Amino acid sequence: MVHEQSEPRVSVVIPTYNRAETLPTAIDSALEQTVEEIEVIVVDDGSTDDTPAVLASYDDPRVQPVVHADNQGANVARNTGIDHARGEYIAFLDSDDEWRPEKLDRQLETLETRSEEWVAAYCDTALELPETSDKLRGLAAAVLSRSDAEPTREGGEELIGEILADNVQPGAGSTLLVETEVARDIGGFDEELDRFQDPEFCLRILKEGKLAYVDDELVVREETGHPPAAVIKAADQQYLSRYEDEVDRFEDDGYDIRARHNLLLAKRYLAEGRFLRGAWHLRSATPSRRRYPGLCWAAGTGVRRRPKTVVATAFLFALLTVGLVTAASRIPLCSATANSPDVDEFSTDAGSTLADSESADE
């Protein structure tokens, strides 16, 4: 079928870096949308693999390649796509994900039934878990999640607390459809953030209008690796510091925002085999029942990665317990004070084998 190039209704922005193997699936899923009035802006962020050949293979005027001479990161690539967009709406798609054919149609239909206050829509996702053990973990989490209170999934300012607490994950990189004018007015993605750029982008959208939710798994995501826990911790502090006032305000309303972020960090440290550091963050976390499978999985990963550390950690815990009990028997309770220990004194730095890429979201 020959597609005439006309003014698109939706501009699809796909940032990519060295993903020649998965990029065609992402592009094809965009071209196969039931909404035909689209353009697909693929921003090649300085790839050194066969990405140029993949893009050259598309003889379709809807595919618009834009090339960065050097790799600049996913946020910059997405913003380049926003600059080139001609559509009324922009939709973002990571180059290792894919869409169901009706994805854009369902989101547009949802926004058309709402007032002008509703400026964006996101949808649910399905996660590809190739290993049987991973699938069992996902099933256990889904069963346990039924006991959790259902969060607010769409709306205006009330959604800010849900996103900050990680109760709602809009996943802007592949699920979001937003008015192009709004995406430009808020300045696109924050190019200074190394992580958490998706929720941060949605938080700024909510200052312009309301965010709608399509309750269907219209995006298929591949499970990717994680950067080192120390990198996530630094990015987490950067992210929350930008919204400190909102964090304080919504915590006063009952949201466990900092506790949820401590849970995230605990899982990453446990997965690296840094158990005392993980336990230190876990003490301030409030995991719901649906989070238990993920915690157990992270701990198991850490045990497999650093089995010798498990023995050493257990021995240190035993020594600390004996020491604390002895000290408690000698010191009056009224004079006892507790200073947080530097837990890195009890664990050696581990060279992380987790995936770490500047373009992890591309």
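**Core packing, a buried glutamate and aromatic pairs**

Leaving aside residues up to four places away in sequence, V178 is in contact (heavy atoms within 4.5 Å) with Y89, I90, F92, V119, A120, A183 and I205. Apart from the core of V178 lies another core, of 32 residues, which includes L31, I38, V63 and C123. The largest nonpolar core (a set of buried Ala, Val, Leu, Ile, Met, Phe, Trp, Tyr and Cys residues joined through side-chain atoms within 4.5 Å) has 43 residues, of which L176, V178 and F201 touch the most other members. The model is a predicted one, in which local features need pLDDT of at least 70 and side-chain atom pairs count only at pLDDT 80 or more, whereas totals for chains, interfaces and linings use all residues. Residues are numbered from 1 along each chain as its sequence is written, and side-chain values use heavy atoms, with hydrogens and water left out.

Of the 362 residues of the chain, 49% count as buried, where buried means under 20% relative accessible area, exposed over 50% and partly exposed in between, with a 1.4 Å probe and protein chains only. Among contacts between residues at least 6 apart in sequence, 82% join residues at least 24 apart. The chain has 15 helices and eight strands (DSSP runs, numbered from the N terminus: H or I of at least four residues for helices, E of at least two for strands).

E39 is placed in strand β2, residues 38-45, and is buried, with a relative accessible area of 3%. Its side chain reaches the backbone nitrogen of R86 at 2.8 Å. Residues touched by E39, not counting those up to four places away in sequence, include P8, V10, R62, Q64, H84 and R86. E39 and E7, 32 residues apart in sequence, are 8.5 Å apart in space, C-alpha to C-alpha.

Seven aromatic pairs were found in the whole structure, a pair being rings of Phe, Tyr and Trp (its six-membered ring) with centres within 6.5 Å, stacked if the planes are under 30 degrees apart, edge-to-face if over 60 and tilted for the rest. Y122 and Y213 form a tilted pair, 5.0 Å centre to centre and with 40 degrees between the planes. Because Y122 lies in strand β6 (residues 118-128) and Y213 in strand β8 (residues 210-222), this pair ties together parts that are 91 residues apart in sequence. F250 and Y255 form an edge-to-face pair, at 5.6 Å centre to centre and 80 degrees between the planes. F250 is buried at 5% relative accessible area, and Y255 is buried at 19%. F92, F189 and F201 form one aromatic cluster.

Technical notes. Polar contact = N/O pair within 3.5 Å; in protein donor to acceptor, adjacent residues only side chain to side chain.
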